[in-house]
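Here's a quick tour of the hollows and charged contacts in one protein model. Have the 3D view open as you read.

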Amino acid sequence: MTEADLPVVEMHPYRWGNPDRAVHLPDAVLTALRHLGATPTPPPPEPEQIPLPDSRLPEPVRAALESVVGPAHVSTAHQDRLRHTRGFSTPDLLRLRSGDAVDAPDAVLFPADRDEVLEVLRICSMHRVAVVPYGGGTSVVGGLAPVRDGFAGVVTLDLRRMDQLVALDPESRTATLQAGTRTPRAEALLTTHGFTLGHFPQSYEGGTIGGYAATRSSGQSSAGYGRFDEMVVGLTLATPRGLLRVGTAPKSAAGPDLRQLILGSEGSFGVITDVTVRVRPVPETRVYEGWRFPDFVTGTAAVRRLAQDGPRPTVLRLSDEAETAVNLADPSQALSPAPGGCLAICGYEGDAEEVALRRERAAAVLTAAGGESLGSGPGEAWRVGRFAAPYLRDPLLDAGAFVETLETATFWSGLHRLREAVTTALTSTLSAAGTPPLVLCHISHVYETGASLYFTVVCAQGADPIGQWRQAKAAATTAIVEAGGTVTHHHAVGRDHLDGFAREVGPLGIAALRAVKQAYDPHGILNPGVLVG
């Protein structure tokens, strides 16, 4: 299964993706989970059985909003409100699976264009109604759970109707896409003209162009195509005070770059309505291969060598010993026997001659650094199976396991210290709670100066799984800050990382962001409680 095979799908409230692609855990995995102490949980209620609080959107406000977007595009229907309740973190899912939907928005709005967004924000600001911008709903950091106190109501602004390719400049190789465009549709629109965005995160099926900009997303091909924020050359932000358009040239010395202020703002400053991105020609060929290293230290040195001195693959990632052992390179075979050591995945995209040259040169570097070529088998298994990994969480939760991820980044010189600190914090905290975990880690994104670390944590669900994760996450955040890492590399801040983010940027940094919010959103209606508290 590759990105070209994935359609836009309507997400289930608490299950990932296309129901036709749901996976079942093999007996070996279920046995391994029992060894961790996991026992199957009762089936969650059907969505229609989950009670919702009554909508408290004042009738005059609803009438005003209907006059802007049309009565058919202001919904208080049960299924719409439930689908827009929180995001896709494991705590979010566990609360819904338990029947808790107290955070459901009072209404869901579906604007058709930028002008409608602007007028909605004006009305909501006037009546003090909180607004949560919504793309694909794939936040894993509490980015869709606003503070409600002090507001007359909460509405979700779903941008799905804003999903068009507005402009394409083949000479400059830029494309302007509306913010609600889901990635499969964006790729289909661009491919028609011979271009690709090259942004392929595991949230590909659910993520949107605006969401990627608002969270500073990073896709799995970042070594070759760059992070999403590096692709953005311009964008438009709708705020209660009007429009902000940024990016009139590729680079500028006209003061601070306001694009960087909006990227990562998570809907707290305004609603991103369209994004202009750099695009690349569709590659002529794609080749993925696996390499084995005896240990994580050796593999990291090899990966760093390619990141700093080249040739840099399009995809470059390295699993530690534990992740390699459970074979997450091929999600369909997760927790089945795998080769020892550490597995690196190298992917190359481009014209055939250039790809062949890069592979040859990279192979020489990897071999000299202690790597053993495993051929294309592991690489192709990863390429085909990479979008299946999110589907594993649902059956794991059904089996009584708790599974969650967190990610960070630091400079190369502190990478191993950071990995050890986070692993120790997670292991000790969860073990003390009576749920000893399996902690896996991989390098997922590389730069000349450093790399990201992506952790996957699996343990049994205790009596209070949300509480046990809250304690473990707090311990991991402290370890990250003390080891000199960032509290998030590509999942954004949301509400879950507020404390760590404040420690990372300091009081003056938070004060500056609050001043920006005051300038754009003086009544504080936009995603209150997210990013800046």
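## Before the hollows

Strands here are DSSP runs of E, at least two residues in length, and helices are runs of H or I with at least four; both are numbered from the N terminus. Keep in mind as well that this is a predicted model.

## The largest cavity

Let's begin with the enclosed spaces: the structure holds 2 cavities of 30 Å³ or more. The largest cavity takes in about 50 Å³ of space. Strand S3 (129-134) and strand S4 (153-158) each supply at least two residues of its lining.

Who's on the wall? His 84, Asp 103, Ala 104, Pro 105, Val 132, Tyr 134, Leu 144, Pro 146, Arg 148, Val 154 and Thr 156 line the largest cavity. By class, that lining splits into 7 nonpolar, 2 polar and 2 charged residues.

## Asp 103 and its partner

Asp 103, one of the residues lining the largest cavity, also has a charged partner: its side chain meets that of Arg 86 in a salt bridge, 3.2 Å from N to O. Asp 103 sits in the loop between H4 and strand S2 (107-109), while Arg 86 is in the loop between helix H3 (78-83) and H4, so the pair ties together parts 17 residues apart in sequence.

Are the two partners buried or exposed? Asp 103 is partly exposed, with a relative accessible area of 21%, whereas Arg 86 counts as buried at 2%. The cut-off for buried is under 20% relative accessible area, so a value of 21% falls in the partly exposed class.

## The second largest cavity

The second largest cavity has a volume of about 30 Å³. Its lining is made up of Leu 406, Glu 407, Lys 473, Thr 477, Ile 480, Val 487 and His 497. S16 and H17 each supply at least two of these residues, and the largest share, 3 residues, comes from H17. In terms of class, you'll find 3 nonpolar, 2 polar and 2 charged residues there.

## The second largest pocket

Now for an open space. The second largest pocket has a volume of about 680 Å³. It has 31 lining residues, and Pro 91, Val 141, Arg 470, Arg 495 and Asp 496 are the closest to its centre. The lining breaks down into 10 nonpolar, 8 polar and 13 charged residues.

Which element gives the most to this lining? That's H17, with 7 residues. Helix H4 (90-97), strand S16 (401-411), helix H17 (465-482) and helix H18 (498-520) each supply at least two. S16 and H17 are also the pair mentioned for the second largest cavity, each supplying at least two residues there.

## Other salt bridges

The salt bridge count comes to 28. One of them joins Arg 15 to Asp 398, with the closest N and O atoms 3.3 Å apart. Arg 15 lies in the segment before H1 and Asp 398 in helix H15 (residues 393-398), so this pair ties together parts that are 383 residues apart in sequence. Arg 15 is partly exposed at 26% relative accessible area, and Asp 398 is partly exposed at 26% too.

Compare that with Glu 66 and Arg 62, whose side chains meet in a salt bridge at 3.0 Å, N to O. Both lie in helix H2 (residues 59-69), 4 residues apart, about one turn of the helix. Salt bridges also link Glu 10, Arg 83, Asp 158 and Arg 160 in a network.

## A buried spot in H1

Val 29 is found in helix H1 (residues 27-35) and is buried, with a relative accessible area of 3%. Val 29 and Ala 399 are 370 residues apart in sequence, yet 9.9 Å apart in space, C-alpha to C-alpha.

Note on methods. Residues numbered from 1 in each chain as written. Predicted model: local features only at pLDDT ≥ 70, side-chain atom pairs only at ≥ 80, totals over all residues. Heavy atoms only, no water. 1 Å grid on protein atoms, 1.4 Å probe; cavity = no way out; pocket = protein on both sides within 12 Å on 5 of 7 lines; lining within 4 Å. Points joined across faces, edges and corners; volume = space filled by probe spheres on them. Nonpolar A, V, L, I, M, F, W, Y, C, P; charged D, E, K, R; others polar. Buried < 20%, exposed > 50% of the residue type's maximum accessible area, 1.4 Å probe, protein only. Salt bridge = Lys/Arg side-chain N within 4 Å of Asp/Glu carboxyl O.
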